[in-house]
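Please open the model in your viewer and keep the selection tool at hand for a short tour.

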Amino acid sequence: MRQLVLIGVLAFVVQLHAADDQCHYSVRQQCSTLPQKYTPCSALFSGAHTVMGALRDFTLQHILNSHHYLLMSANFANYERQRDGFAKMFKKLSDDTWEDAIDTIKYMTKRGGSMDFNIPLLEKVQNSTLKPIALELTEPESLSLALDMYKNLAHKAHEIHGMVTKRSHNKQDIHDAEVIAFVENKFVSKHTEIIRDLAGHSNDLMNLIKTSKKDSKLPNQAGLSIYLFDDYLKNLY
């Protein structure tokens, strides 16, 4: 019996030493030999390394969107537009998107990655599926643009989810349950709810404007509809 236990222990030690990327083996090598280049221990494991680049792009897109929402909020908060409801809604979207970017960076560092802020933001804008964003937008245009921006984030979240949900006997397939849980719990349901709200706001406002133009003889009935909808948004957000 003792011989079997000894054989098992020796087999474990041989297997541990055979893997050069083991943290314990790396530290032991440094302690038992002359000082040389040290390979630090890493929190990376499973399939996290395969999505770090995608998570960095995802974070940068959040930061860009947050600033765009803030500019859209400022556009409606000035003394000429005075759309406090729209300004309040876009300010909330900006804050929420910024917080999501911070949470994603924290998750990346927890999994052994890091955030690279040296990636040119202009390049990210040029490679984006969205068209260049104008600073001055009408109320319907702003809602439709906000909807497209959030859909773009949702698509990126689904892409990251798909990169780590491949489970089979093929060693090339990557499965990381922790990344899956993070994306699902943090983004999937939230994106769905916000997209639904923005789509509803956009459709409701357009229906109000179309109805007022069609049925009313008053020259500025559409403006009144937008004003009432803005008051609704101010109470909602």
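Before selecting anything, note that a search of the whole structure finds 10 salt bridges, a salt bridge being a side-chain nitrogen of Lys or Arg within 4 Å of a carboxyl oxygen of Asp or Glu. This is a predicted model, in which local features need pLDDT of at least 70 and side-chain atom pairs count only at pLDDT 80 or more, while totals for chains, interfaces and linings use all residues. Residues are numbered from 1 along each chain as its sequence is written, and side-chain values use heavy atoms, with hydrogens and water left out.

Select Asp95 and Lys91 first, whose side chains meet in a salt bridge at 2.9 Å, N to O. Because they lie 4 residues apart in helix α4, Asp95 and Lys91 are separated by about one helical turn; helices are DSSP runs of H or I with at least four residues, numbered from the N terminus.

Next, select helix α3 (residues 52-77) together with helix α4 (residues 84-110), which pack at an angle of about 160° with their axes 8 Å apart. This makes α3 roughly antiparallel to α4, a label for angles over 145 degrees, whereas those under 35 degrees count as roughly parallel. Axes are lines fitted to C-alpha atoms over the stretch in contact, and angles run from 0 to 180 degrees between N-to-C directions.

Keep α4 and add helix α6 (residues 139-163): their axes come within 12 Å and cross at roughly 15°. α4 and α6 are therefore roughly parallel to each other.

Finally, select Tyr227, which has its place in helix α8 (residues 221-236).

Definitions and conventions: Helix = DSSP H or I, 4+ residues; strand = E, 2+ residues; numbered from the N terminus. Parallel < 35°, antiparallel > 145°, perpendicular 65-115°, else oblique.
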